[in-house]
Number of protein chains: 2
Amino acid sequence: MPEAPSPMNGIIVPDGRPAEVVAFERSVIAYFLDAADLLGVPKSLAVIYGICFASSDPLSPSEIRARVDLSAGSLSQGLRFLTGLGAIIEVSVPGERAARYAPDVELRKLLIHYLERRVEAQLDAGQVHLKSMKANLPKGLGSKSKILRSRVESLSGWHGKSRALMPLLKGALKLS
Amino acid sequence: MPEAPSPMNGIIVPDGRPAEVVAFERSVIAYFLDAADLLGVPKSLAVIYGICFASSDPLSPSEIRARVDLSAGSLSQGLRFLTGLGAIIEVSVPGERAARYAPDVELRKLLIHYLERRVEAQLDAGQVHLKSMKANLPKGLGSKSKILRSRVESLSGWHGKSRALMPLLKGALKLS
DNA sequence: GCGCGATTTCAAATGAAATTGAAAAAATCT
DNA sequence: AGATTTTTTCAATTTCATTTGAAATCGCGC
């Protein structure tokens, strides 16, 4: 019996935290790892965010580092990135030296950010390419010209629909 | 004057095709390159699909290769992948040796495939992680426990909403 | 002000994923 | 059937984003 009993009389794992707490954290991290994979975001970001999310109180960088194997450099970069994103917020506890980090649980902000930065950017660029396609489309009446025109039209239709969807999506997110 | 005049009396570029045709193709490829980047798909796939999309008639592998600088290996692999995806279809012209490829312009099929393979898979995995989170959530009444419970609840809420959205999306795609 | 641990910075290492190239296989033409 | 060209396969290479680690910087206690 190397440790004091946990408040929940559960098993104590090597790092001194109750097994349940660790299991909880692992699930949270796994969740965000999967999500990050879908969105093409680096793993370290998912891990850092997950750790913050799974902790009821704000964590200092060294506390975070105690929970995962991650270089100090990665952590620092990751915290900066996530802070810039608005995914986590710096909490400065009065009588304390280092900054601490807590998740911003407003997930919609993250989603809106993603939509704007990635999806809308692609839609805008695509618009330009579509213009150029239309400008260079063959003007003839032959079936070959027609095929290409109809393809571009179809693409353009999809593009328009996607574009129209964005404000709706963002609106829905803002209400939630 | 090294070449015969084009049917459109336009400029003839080095590869013997009218400048407009080449410009059109370039725009199409650029469009799909951007889209591929958004979806995390390799560039070569976007290029191959773009070339097929920009051609009014089905192209043989060697014709495709004449239009971009791409190793024969990449092209072969890319064609196989895109065919498996249903993004392009093999067209076997009767009195002709090699298979030719045409785009499947039913873009919704691609979108549905993407939704099912990537998004739904993540939603299912996430469901499992959420279960585990809930099972390991602290049961106490303290504010710390409450914070975590509310976070998981919020996450769960988003998850449920996303999940509910999928059938709607797929339904909408099927009608289009 | 000095020293020490914690954090940040950034160039270099790593690793995952895409691309190539050479050899094998298939298909066509003579 | 043999020769030639096209296509496929797959190991090796290249590429590129992420991660690391060492040095610089910061912040606080002594």
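The following paragraphs describe a predicted model, covering the relation of its two protein copies, the surface near DNA strand D and the setting of selected residues.

In this predicted model, local features are reported only at pLDDT of at least 70 and side-chain atom pairs only at pLDDT 80 or more, whereas totals for chains, interfaces and linings use all residues. Residues are numbered from 1 along each chain as its sequence is written, chains are lettered from A and ligands numbered from 1 in the order in which they are written, and side-chain values rest on heavy atoms, with hydrogens and water left out.

The two protein copies were compared by least-squares superposition on the C-alpha atoms of residues with pLDDT of at least 70 in both. A turn of 180 degrees, combined with a shift of 0.0 Å along the axis, lays chain B on chain A with an RMSD of 0.1 Å. This is the relation of a two-fold axis. The same surface serves both copies, in that 98% of the contact residues of chain B recur in chain A, where contact means heavy atoms within 4.5 Å. Among the residues of chain B, the one whose C-alpha comes closest to the rotation axis is Gly40(B), at 3.5 Å.

For DNA strand D, a residue is taken as near if one of its heavy atoms lies within 4 Å of the strand. There are 17 residues around DNA strand D, of which Ser44(A), Ser74(A), Ser76(B), Gln77(B) and Arg80(B) come nearest. On the side of the DNA, sugar and phosphate account for 61% of the atoms of strand D that come within 4 Å of the protein. Polar contacts are pairs of N or O atoms within 3.5 Å; within protein, one atom must be able to donate a hydrogen and the other to accept it, and residues adjacent in sequence count only if both atoms are side-chain atoms. A side-chain N or O atom of Ser74(A) is 3.1 Å from a phosphate oxygen of DNA strand D, and a polar side-chain atom of Arg80(B) lies 3.2 Å from a phosphate oxygen of that strand. Ser62(B), by contrast, is placed with a polar backbone atom 3.4 Å from a phosphate oxygen of DNA strand D. Two or more residues of the surface near DNA strand D are given by each of helix H2 (43–53) and helix H4 (72–85) of chain A, and helix H3 (61–67) and helix H4 (72–85) of chain B; here helices (H or I, at least four residues) and strands (E, at least two) are DSSP runs numbered from the N terminus. H4(B) provides the largest share of this surface, five residues. By class, the surface near DNA strand D comprises five nonpolar, nine polar and three charged residues, with Ala, Val, Leu, Ile, Met, Phe, Trp, Tyr, Cys and Pro counted as nonpolar, Asp, Glu, Lys and Arg as charged, and the others, Gly among them, as polar.

Burial was assigned from relative accessible area, with buried under 20%, exposed over 50% and partly exposed in between (1.4 Å probe, protein chains only). Helix H2 of chain B is mostly covered, nine of its 11 residues being buried, including Leu45(B), Tyr49(B), Cys52(B) and Phe53(B). Cys52(B) has a relative accessibility of 1%, and Cys52(A) is likewise buried, with a relative accessible area of 1%. With a disulfide defined as a pair of cysteine sulfur atoms within 2.5 Å, the count over all chains is zero.

Lys43(A), in helix H2 of chain A, is exposed, with a relative accessible area of 65%. Val41(A), located in the loop between helix H1 (19–39) and H2 of chain A, is partly exposed at 34%. The C-alpha atoms of Val41(A) and Ile64(A), 23 residues apart along the chain, are separated by 19 Å.

Two buried charged residues take part in polar contacts between side chains. Arg17(B), in the segment before helix H1 (19–39) of chain B, is buried at a relative accessible area of 15%, and its side chain makes a polar contact of 3.2 Å with that of Glu25(B). Asp104(A) lies in the loop between strand E2 (100–103) and helix H5 (107–136) of chain A and counts as buried at 10% relative accessibility. The side chain of Asp104(A) makes a polar contact with the side chain of Lys109(A) at 2.7 Å and reaches the backbone nitrogen of Glu106(A) at 2.9 Å. Leaving aside residues up to four places away in sequence, Asp104(A) touches Tyr49(A), Gly86(A), Ala87(A), Ile88(A), Ile89(A) and Lys109(A).
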